[in-house]
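Student: I would like a close look at a single part of this model, taken slowly and residue by residue. Could you choose one helix packing and follow it outward into its surroundings?

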Amino acid sequence: MSLPEHHLRSVNLPEGWTPDSWRARPALQQPQYPDASALAGVQDELRALPPLVTSWEILSLKRQVAEAQEGRRFLLQGGDCAERFVECTPDVISNRLKVLLQMSLVLVHGLRLPVVRVGRFAGQYAKPRSADVETRDGATLPCYRGDIVNGPEFTTLARTPDPRLMVKAHARSAMTMNFVRSLIDGGFADLHHPEYWDLGWVQHSPLADEYHRIVAGIGDAVRFMETISGNEVHNLNRVDFYTSHEALLLPYEEAQTRQVPRQWGWFNLSTHFPWIGMRTAALDGAHVEYFRGIRNPIALKVGPSTTPEQLLRLVDALNPDDEPGRLTLIHRMGAGNIAARLPALLDAVKRDGRRALWVCDPMHGNTETSANGYKTRRFGNIRAELETAFELHAAAGTRLGGVHLELTGEDVTECTGGARDLTDADLERAYRSTVDPRLNYEQALELAMLVVRKRGI
Ligand code: PEP
Ligand code: MN
């Protein structure tokens, strides 16, 4: 009897790798836990809990990423910069899902391609920070590293890293996954009912007409296909959703790294699609060491200071066998840098004949402080970076195969510009992020429409 393809070892087991081999390397952005035995106890507890995702799902996502690498799918990855424990609520979760579903509908319709939907959720609880400590009014405390590590309040108690928060993050991730899965299995994502995804507060949006035209067009197409095939078109009743987060907090990720029956190698079962952040992407660092050994599809953030040589060595370390679907490269250069920095990287990977899915994150290179003191991003810069990315890929003979965005379904004013032309003064009205500023619904939908214009024609 021959084994199904995914049971066969198609690539080599990484030499010298174990789930904790990262411990021999410099590990950046890790909290200093005051009690090592409490940390070890939490890791044991996490190891015994059920996983959040399965190897089957992980491998099916890997196949979808492989198709996206060949131009047969487009990747949409989005969600909060960081999830908060207090925002693990039905409204926040379903509103975020609605925005992502609406965006994917716009993309499917405009690009005539299936979309790989990946949420930045169900585990996006750890944040890299530019400084280890924060000083206010003469007092210095550890920085806030996300709800999985400590609390944002400026008190010694809140800021002291607590390993028990990992157990809480795991539980919140499971609740989020459970709700998303139930919504989707129950019919929330059914293409026959896009009205389920309407958000109450956006009825008067300047983009509503265009969106509703797209929805009507899809409704017609669905009915047409059902008429000619004589029954319900199976795949239109539900969509797949995958999860992703920055696998930053290595003791947590290590405890979720497992072998599963009838599969070779190791999987990170806390998420389908972990990524390495820009600040922890050193070739000889702990994060690259950890990532090289897991079988998940993985992504690497690539910033303006990465050189072509560094990138090629990272590609080698993370995907030595050039396995399809394995590696996604998310560039985040900034509107002002992208034209100068990206082409050499595209050329290098192309000349080396390496397989990668190129994705644009137009958020993280465009963060600035507004005149009235808010961490913000201007929609015009986000749009400019994304437009330029499409143009640079076209010129290089490579393909931009996805977008990575920070967004929310809540009515926030954190990024300026967009269809309602939000100003610095508007930021005061509904600024809710404790970390990076997110696109609101309209700004997110506008970007999806932009992708269709730039790539779809
Ligand atoms: C992020 O995605 O929230 C982030 C910190 O990104 P980067 O590592 O690209 O700066
Ligand atoms: Mn961010």
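Tutor: What follows is an account of the packing of helix α3 with helix α12 and of some residues around it, with two other helix pairs set beside it.

The model is a predicted one, and each statement below should be read with that in mind.

Helix α3 spans residues 90–111 and supplies ten residues to the largest nonpolar core, which is the largest share of that core. The core itself has 104 residues, and those that touch the most other members are Leu76, Met103, Leu107, Ile148, Leu300 and Ala444. In soluble globular proteins, nonpolar side chains tend to be buried together.

Helix α12 covers residues 441–455, and its axis comes within 9 Å of the axis of α3, the two crossing at roughly 15 degrees. Because angles under 35 degrees count as roughly parallel, α3 and α12 are described as roughly parallel to each other, and the crossing in which α3 passes α12 is right-handed. On the α3 side the contact is made by Val99, Gln102, Met103, Val106, Leu107, Gly110 and Leu111, and these meet Tyr441, Ala444, Leu445, Ala448, Met449, Val451, Val452 and Arg455 of α12. Sorted by class, the residues of this contact are twelve nonpolar, two polar and one charged.

Two residues of this region repay a separate look. Ala444, when residues up to four places away in sequence are left out, touches Val99 and Met103 as well as Leu405, Leu407 and Leu439. Leu447 lies in helix α12, and with the same kind of exclusion, of residues up to four places away in sequence, Leu447 touches Arg383, Leu386, Leu405 and Leu439. Leu405 and Leu439 therefore appear among the contacts of Ala444 and also among those of Leu447. Leu447 counts as buried because 23 C-beta neighbours lie inside 10 Å, where 20 or more are required. The C-alpha atom of Leu447 is separated by 9.2 Å from that of Gly418, a residue 29 places apart from Leu447 along the chain.

Asp421 is placed in the loop between β14 (400–406) and α12. Its phi is near 50 degrees, a positive value in a residue other than glycine, and Asp421 is exposed, with 11 other C-beta atoms within 10 Å. Another residue other than glycine with a positive phi is Ala122, where the value is near 60 degrees; Ala122 lies in the loop between β2 (115–119) and β3 (133–136) and is buried, with 31 other C-beta atoms within 10 Å.

Two further helix pairs can be set beside this packing. Helix α1 (residues 36–48) and helix α5 (residues 164–186) have axes 8 Å apart and pack at an angle of about 20 degrees, which makes α1 roughly parallel to α5. Here Val42, Glu45 and Leu46 of α1 meet Arg164, Met166, Val167 and His170 of α5, and the contact has four nonpolar, one polar and two charged residues. Helix α9 (residues 308–318) and helix α10 (residues 338–351) pack at about 45 degrees, with their axes 9 Å apart, so that α9 and α10 are oblique to each other. Their contact joins Pro308, Leu311, Leu312 and Val315 of α9 to Ala344, Leu345, Ala348 and Val349 of α10, and by class it has eight nonpolar, no polar and no charged residues.

Notes:
Residues are numbered from 1 along each chain as its sequence is written. Chains are lettered from A and ligands numbered from 1 in the order in which they are written. This is a predicted model: local features need pLDDT of at least 70, side-chain atom pairs count only at pLDDT 80 or more; totals for chains, interfaces and linings use all residues. A nonpolar core is a set of buried Ala, Val, Leu, Ile, Met, Phe, Trp, Tyr and Cys residues joined through C-beta atoms within 7 Å. A residue is buried if 20 or more other C-beta atoms lie within 10 Å of its own, exposed if 12 or fewer, and partly exposed in between; C-beta atoms are placed from the backbone. Helices (H or I, at least four residues) and strands (E, at least two) are DSSP runs, numbered from the N terminus. Two residues are in contact if their C-beta atoms, placed from the backbone, lie within 7 Å. Axes are lines fitted to C-alpha atoms, for helices over the stretch in contact, and angles run from 0 to 180 degrees between N-to-C directions. Angles under 35 degrees count as roughly parallel, over 145 as roughly antiparallel, 65 to 115 as roughly perpendicular and the rest as oblique. A crossing is left-handed if the near helix is turned anticlockwise from the far one by less than a right angle, and right-handed if clockwise. Ala, Val, Leu, Ile, Met, Phe, Trp, Tyr, Cys and Pro count as nonpolar, Asp, Glu, Lys and Arg as charged, and the others, Gly among them, as polar.
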